[in-house]
Amino acid sequence: MDYNETVNYLFNIAPLFEKVGAKAYKTGLDNTLALDRHFNHPHQNFKSIHIAGTNGKGSCSHTLASVLQREGYKVGLYTSPHLVDFRERIRINGECISKHYIIDFVEKEKNFFEKLHPSFFEVTTALAFKYFADNNIDIAVIEVGLGGRLDCTNIIMPEMSIITNISFDHTQFLGNTLGKIASEKAGIIKQGIPVVIGETTPETKNVFKKKAKEENAPIIFAEEHEEIISSYFSNSQIICETVHFGTIRYEMGGNYQTKNINTILNAIIVLMKNGLISNIGNIKYGLAHVCEETGLNGRWQEIRKSPRTICDTGHNLGGWKYLSKQITSQPYNTLRIVFGMVDDKDIDNVLKLLPRENTYYYFVRASTKRAIPEDVIMHKATRLGLEGEAFDKVVSGYNKATEDADDKDFIFIGGSSYVVSDLMVALRDNPQYKDVFFRLPQ
């Protein structure tokens, strides 16, 4: 098999959650443990940091990886989903896993997989851990796929765990209250391992306290240790005055990132106490060059200056509480929003947060079976007083928005990771955008 055939095999070995949703979800760690035994426990060959949460996992994961790389470590990074190419999920020092390694892995192991019937994510996690071990990395930053307690990444024994925040997402799997969702996320808290909690509510804080006490795990609530004294936005970046690190520049400029920065800095303090990080200059560099160092895309990312055009992967109610305010705070004559969502998100309440005044919408359908049809979104939006038109492809909506816009308008593309993904796939070979996206695999 060539690379494309191999990736298609992985996507079809079992239902892929990102493509089909609930029927792809498997409970329990039996397959994960069987894969781990089969590959001789590769995760035991490197240190790790484990990151869960509803929003902010990707930003925190990439930022810590960037700092650790600058400290001189060989750093593995395992995240999901990818935006353009499967290989984005598995990186070492920012470089994607090779096509050859994936092809060889599948060819050697497909007979074992077909007897076990693992999920896509179970196989991908085994692939990542084996790749990291085979390449003798020093430390891996591992992002939870879904939940925590029963996630197949939860076999690792990390140096530190992080739970960024809890809001309503994937309720069909994790529970329909914040307390139940927090219980699933708290499953990554391990015996004696420090855990940093980014944001809490009274309901979730008690869950984390109880679990940490049961596991005798030191627990740090980042919101009780505010590192940011002041902050402002400059050229799609955040400049912060901090308690322990002086002035820092953070490469990603979304409003929601100030919460992430505080969580990250509290995590870095733990890693400094544990001797894994020592140089403040490396910390500042890592924060200032996250995307450049790790290949992260899609976080309040400017893709065009005139008319100013931003894309963001924020995809649930928690994310849009920040995004809607930041979008409307931009200068513009007309705000043009290219918008789509997938079917397990709270679209009705997200739509209520969307701007109305001087705003025109381009409702789109991303290329995933989980995408809500564009006409359904437009019907819901129209009932709430949002004006716009519908397109069956993301790039069609984007092209119409740029055609309609003048230089004083502001264009935003988002609502789902898959909307941003489709946009990047459509634009990456266009010379106009060649310096926009970071380390997209070719």
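Glutamate 215 pairs with lysine 211 in a salt bridge, with the closest N and O atoms 3.1 Å apart. This is a predicted model. The count of salt bridges comes to 16. The points below cover some of these pairs, one helix packing and one residue in helix H5.

**Salt bridges**
- Glutamate 215 has 18% relative accessibility, so it counts as buried.
- Its partner, lysine 211, counts as partly exposed because its relative accessibility is 22%.
- Arginine 87 and aspartate 85 also form a salt bridge, at 3.3 Å from N to O. Both arginine 87 and aspartate 85 are buried.
- Lysine 305 and glutamate 302 meet through their side chains at 2.7 Å, N to O.
- Lysine 305 is exposed, at 68% relative accessibility, whereas glutamate 302 is partly exposed, at 25%.
- Salt bridges with shared partners link Glu302, Lys305 and Arg308 into one network.

**Helices H4 and H10**
- H4 spans residues 57–70 and H10 spans residues 257–273.
- Their axes lie 10 Å apart, at an angle of about 45 degrees. The two helices are therefore oblique to each other.
- The crossing of H4 past H10 is right-handed.
- On the H4 side, the contact includes Ser59, Cys60 and Thr63. On the H10 side, Gln257, Asn260 and Ile264 are among the residues met.
- By class, this contact has seven nonpolar, four polar and no charged residues.

**Isoleucine 103**
- Isoleucine 103 sits in helix H5, residues 99–116.
- Its relative accessible area is 17%, so isoleucine 103 is buried.
- Beyond its neighbours within four places in sequence, isoleucine 103 contacts Met1, Asp2, Tyr3 and Thr6.
- Tyrosine 3 is 100 residues from isoleucine 103 in sequence, yet 6.1 Å away in space, C-alpha to C-alpha.

Methods. Residues are numbered from 1 along each chain as its sequence is written. This is a predicted model: local features need pLDDT of at least 70, side-chain atom pairs count only at pLDDT 80 or more; totals for chains, interfaces and linings use all residues. Side-chain values use heavy atoms; hydrogens and water are left out. Axes are lines fitted to C-alpha atoms, for helices over the stretch in contact, and angles run from 0 to 180 degrees between N-to-C directions. Helices (H or I, at least four residues) and strands (E, at least two) are DSSP runs, numbered from the N terminus. Angles under 35 degrees count as roughly parallel, over 145 as roughly antiparallel, 65 to 115 as roughly perpendicular and the rest as oblique. A crossing is left-handed if the near helix is turned anticlockwise from the far one by less than a right angle, and right-handed if clockwise. Contact means heavy atoms within 4.5 Å. Ala, Val, Leu, Ile, Met, Phe, Trp, Tyr, Cys and Pro count as nonpolar, Asp, Glu, Lys and Arg as charged, and the others, Gly among them, as polar. Buried means under 20% relative accessible area, exposed over 50%, partly exposed in between (1.4 Å probe, protein chains only). A salt bridge is a side-chain nitrogen of Lys or Arg within 4 Å of a carboxyl oxygen of Asp or Glu.
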